[in-house]
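Trainee: I would like to learn how to read helix packing and burial from a coordinate file. Please take me through a case.

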Amino acid sequence: MTVTIDDIRRAAANIDGQVVRTACTRSRVLSKLTGAEVWLKFENFQFTASFKERGALNKLLQLGEAERAAGVCAMSAGNHAQGVAYHATRLGIRSVIVMPRSTPFTKVRNTRELGGEVILRGDTLADAQEYLEAELVGKLGMTLVHPYDDPHVIAGQGTVGLEMLEQAPQLDTLAIPIGGGGLISGIAIAAHAIKPELRVVGVESAGYASAYAALQDDDVPIKGGQTIAEGIAVKNIGRLTLQIIREHVAELMRVEEAAIERAIGLLAGIEKVIVEGAGATGLAALLADPTRFAGRTVGLVLCGGNIDTRLLASVLLRQLVHEQRLISLSIDIEDQPGFLARVAGRIGESGGNIVQVHHERLHRGHAKNATLEVLVEAQDEAHARQIFDDLQNGGFSVRKGAGGMEFE
C-alpha cells in the first residue's frame with residue numbers, strides 16, 4: 001500500500017465543496033513571541049471542528065454500491081467518529097461507531113446527533129477494534145473506515161498539505177501533531193512532492209510518543225496516563241503511517257502537558273480561537289524549543305477544536321497563573337457595613353480586577369471577625385505586588401491565599 005501525490009490530488013478533487021477549505025494565515029503576535037514566522041491552518045473551523053472529515057469522506061467516496069449498502073464502521077472516541085458519522089449520513093450510508101465505555105457523554109451524544117449508531121464496548125480503543133472487526137466487519141460485512149492506517153484516509157488528510165503550500169508557498173518547515181500518523185503522513189507526502197526541501201517535524205505528547213518508540217531499535221515503553229491532548233493519545237502507530245514517517249519526517253519532538261496548556265491559552269488569548277490539546281501541540285513545540293525553529297517559516301495545523309468547556313476554563317485559569325496575572329489574597333476584616341466596599345475600592349484604585357470573593361465570618365471574640373478570600377487579576381507580576389503592597393499600606397491585614405500566583 002502506497003500513497004502518492006496523485007492520490008492526494010484526486011482526494012482534493014473528490015472532497016472539493018464538501019469540506020471547508022480552511023484559512024491559512026500568518027500570526028504576527030505568535031511570530032514575534034516565538035522568533036519564527038508562524039502560519040496557522042485553521043482545521044478547527046471544519047463543520048465537525050476537525051480535519052478528520054477529509055480522510056473519512058475520501059474513504060467513503062471510494063465505496064462501491066454493495067459496500068455502501070452494507071454500511072461502514074469505525075472505532076473512535078472523538079473526532080474521527082464525528083467525521084465518519086456526519087459524511088456517511090450525508091451520503092445516505094449507515095455508520096456504526098464503536099467507542100470505549102469510558103468515552104465522554106458529550107462525544108457519544110455528538111456522534112449520535114450526526115447520524116452515527118454508537119456501540120459502547122470495552123475499556124480501550126483496542127477492545128473496541130476487536131469487537132468491530134469480529135462482529136461488524138466479520139459477520140455483517142461492513143467496511144472499516146480506519147482513523148489513520150488506510151491509504152484513502154491518508155490521501156484525504158494530505159489535502160491539508162496541498163492547501164497550505166498553495167496558501168503559503170514560502171513555508172520551509174511544518175510542525176504536525178502525530179497520533180496514529182494519518183495527518184502527518186498525508187501532509188508530508190504532499191509537501192515533499194511540491195517542495196522537496198521542506199522540513200517536516202512530528203510532534204507527540206510526551207506520554208504517548210508512539211512514533212518515537214516505534215522508530216527506536218530498543219523497546220521504548222509508552223508512559224500513557226492522562227493527557228490534555230487525548231486526540232493524539234495513541235499507543236500504537238499505524239503500520240503504513242510508520243513507513244511514511246520514516247521516509248518523510250525529519251525529526252520527532254515530544255512536548256509536555258505544560259507546553260500544550262500554554263499553547264491552548266495563547267491561541268485563545270491571541271488568535272481568539274478554541275483549540276483542543278492535540279491541535280495545540282505544534283505551537284507547543286515552538287514554545288518548548290524556540291531555537292529549533294528560530295528564523296524559519298513554520299506552518300502549524302490547528303487540527304481540532306473539540307475541547308470540553310470545563311477543561312478549557314481550567315486551562316485558561318492556570319494560564320493566567322502561569323503568566324503571573326492572578327493573585328489570591330486572604331484579608332482579615334471587621335465584619336461591619338462598608339468594609340468590603342473599602343477593600344474593593346482599594347484594589348480598584350490599584351488597577352486590579354476582582355475575579356472572585358469568598359466571605360467567611362469568624363467567631364465574635366476575634367479581633368478581626370471575618371476573612372475575605374479574594375482572587376484578583378493583575379497586569380503582570382509587578383502589578384500584583386503593587387496591589388498587595390497598596391492593601392498593606394492601606395492598613396489591611398493581608399497575606400497570600402491558597403490559590404493564584406505565589407510570590408514572597
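Mentor: The overall chain comes up here, then one helix pair, then one buried helix.

Mentor: This is a predicted model, in which local features need pLDDT of at least 70, side-chain atom pairs count only at pLDDT 80 or more, and totals for chains, interfaces and linings use all residues. Residues are numbered from 1 along each chain as its sequence is written, and side-chain values use heavy atoms, with hydrogens and water left out.

Trainee: How many helices and strands does the chain have?

Mentor: Helices (H or I, at least four residues) and strands (E, at least two) are DSSP runs, numbered from the N terminus. The chain has 17 helices and 14 strands.

Trainee: At what angle do α3 and α8 cross?

Mentor: Axes are lines fitted to C-alpha atoms, for helices over the stretch in contact (heavy atoms within 4.5 Å), and angles run from 0 to 180 degrees between N-to-C directions. Here α3 (residues 52–60) and α8 (residues 151–167) cross at roughly 135°, with their axes coming within 7 Å. The contact involves K52, R54, G55, N58 and K59 of α3, and on α8 H152, V153, A155, G156, Q157, T159, V160 and E163.

Trainee: Is α9 mostly covered or mostly open?

Mentor: Buried means under 20% relative accessible area, exposed over 50%, partly exposed in between (1.4 Å probe, protein chains only). In α9 (residues 182–194), 11 of the 13 residues are buried, including L183, I184 and I187. Its cover includes α1 (5–15), α8, β7 (173–177) and β10 (297–301). Over the chain, buried residues make up 53% of the 408 residues.

Key
Expected span 1.5 Å × (residues − 1).
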